[in-house]
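Good morning, everyone, and thank you for making time for this. Please take a moment with the sequence and the picture before I start talking you through them.

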Amino acid sequence: MSDAVLVIGAQSEIGQSLIAKVIAEEKTSQVIAISRSDCPNSLASRVLDEARLAWMRCDYSDEQMKDVVERCGALLAEKNATLSRLIICNGRLHDSTISPEKRIEDLDRDTLHAIFESNAVIPALWLKHFKGFLKAHLKGRIPAVVAVLSARIGSIEDNGKGGWYAYRASKAALNMLLKTSAIEYQRSLPELRFIAFHPGTTDTPLSKPFQRSVPEGRLFTPDFVAASLLARLSEALAVSRTSASFVAWDGSQIPW
Ligand SMILES: NC(=O)c1ccc[n+]([C@@H]2O[C@H](COP(=O)([O-])OP(=O)(O)OC[C@H]3O[C@@H](n4cnc5c(N)ncnc54)[C@H](OP(=O)(O)O)[C@@H]3O)[C@@H](O)[C@H]2O)c1
């Protein structure tokens with residue numbers, strides 16, 4: 001029986017580093033990657049054992065999510081693999097039409113909907129669609145962990161600066177959706193752990209326009225963050241506690 005890692009939002013630079021790292025360092029792990037797009041060439045060239053990477057396209061509609069869950073089940077059965085880690089990377093901060101709000105006058109209905117959709121609604125729907133599969137697949141087996149890529153800025157208690165309304169609030173919503181589903185999952189699937197993970201400022205397209213103010217030594221590479229995330233996942237698998245935790249790249253706890 002081999003081990004499997006599922007990475008959703010796999011175009012994420014952090015997600016790509018995670019995939020490359022798992023395939024390079026865990027010789028028996030199978031990785032399933034789910035994304036709106038095809039596997040980027042930059043990742044394909046880093047993955048030497050391509051038989052251990054299954055890339056699935058998904059437009060994140062309910063129909064395609066259900067289909068992907070079924071395909072994941074079939075693949076794990078075919079590979080005789082057990083899922084140990086499920087990581088949801090999706091997150092959106094800016095694009096050609098969206099930038100984080102500085103003042104409440106900047107709030108825009110469509111932007112709020114769009115940011116909440118990709119940062120909170122889509123991850124929560126994955127937790128919904130995977131529930132039946134996880135219950136059947138994991139029952140009585142070794143612990144597994146679900147992680148969402150959150151952000152410290154989503155901590156309500158830690159909000160001393162204000163601004164970035166949509167992104168900040170969508171990550172707070174993501175955290176609450178995760179914590180609430182962890183409580184429900186715990187009743188029927190105590191083998192499952194839940195983490196909201198803060199990667200720290202990482203050199204990816206998401207943070208590119210905002211990197212100038214990052215203090216020296218605090219802009220991380222995706223490879224460094226992928227290693228931190230894998231360490232946090234291992235720690236979560238080793239403890240018996242099943243309630244969700246909000247944890248930073250260095251293992252420190254963040255107040256919800
Ligand atoms: N970089 C940082 O400094 C930083 C700091 C704190 C938290 N984070 C969080 O870390 C996670 C990974 O970010 P990254 O830095 O690796 O960024 P990235 O390379 O820009 O990745 C973007 C991610 O968001 C998804 N995405 C983008 N637009 C979307 C849309 N319209 N609908 C659904 N999904 C969409 C992509 O999924 P597809 O594979 O489907 O394209 C991909 O998973 C995010 O949740 C981000 O909020 C990053």
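How far is an oxygen atom of the ligand from an N or O atom in the side chain of Tyr60? The distance is 2.5 Å, and I should say straight away that what you see is a predicted model, so please read each value as computed from that model.

Let me stay with the ligand for a moment. Its shell holds 28 residues, and those that come nearest are Gly9, Ser35, Tyr60, Tyr167 and Thr204. For Gly9 the contact is made by the backbone, where a polar atom is 2.6 Å from a ligand oxygen, and a backbone N or O atom of Gly91 also lies 2.9 Å from an oxygen atom of the ligand. The protein covers 90% of the 890 Å² of accessible area that the ligand has on its own. Helices α1, α4 and α6 are the elements that each give two or more residues to this shell, and the shell as a whole divides into 11 nonpolar, 13 polar and 4 charged residues.

Now let us turn to the sheet. It is an open sheet of 7 strands with parallel pairing, and the order runs β3-β2-β1-β4-β5-β6-β7, with β3 and β7 as the edge strands, each pairing on one side only. On average, neighbouring strands are turned by 25° against each other, direction ignored. Helix α6, residues 165-188, packs on this sheet and touches β5, β6 and β7, while its direction makes about 170° with that of β6. Back at the β3 edge, strand β2 pairs with β3 over 5 bridges in the parallel sense, and within that pairing Ala33 has Trp55 as its bridge partner.

Note on methods
Residues are numbered from 1 along each chain as its sequence is written. This is a predicted model: local features need pLDDT of at least 70, side-chain atom pairs count only at pLDDT 80 or more; totals for chains, interfaces and linings use all residues. Side-chain values use heavy atoms; hydrogens and water are left out. Two strands pair if DSSP finds at least two bridges between them. Helices (H or I, at least four residues) and strands (E, at least two) are DSSP runs, numbered from the N terminus. Axes are lines fitted to C-alpha atoms, for helices over the stretch in contact, and angles run from 0 to 180 degrees between N-to-C directions. Contact means heavy atoms within 4.5 Å. A residue is near a molecule or strand if one of its heavy atoms lies within 4 Å of it. A polar contact is a pair of N or O atoms within 3.5 Å; within protein, one must be able to donate a hydrogen and the other to accept it, and residues adjacent in sequence count only if both atoms are side-chain atoms. Accessible areas come from the Shrake-Rupley method with a 1.4 Å probe; for residues, only the protein chains shown count as cover. Ala, Val, Leu, Ile, Met, Phe, Trp, Tyr, Cys and Pro count as nonpolar, Asp, Glu, Lys and Arg as charged, and the others, Gly among them, as polar.
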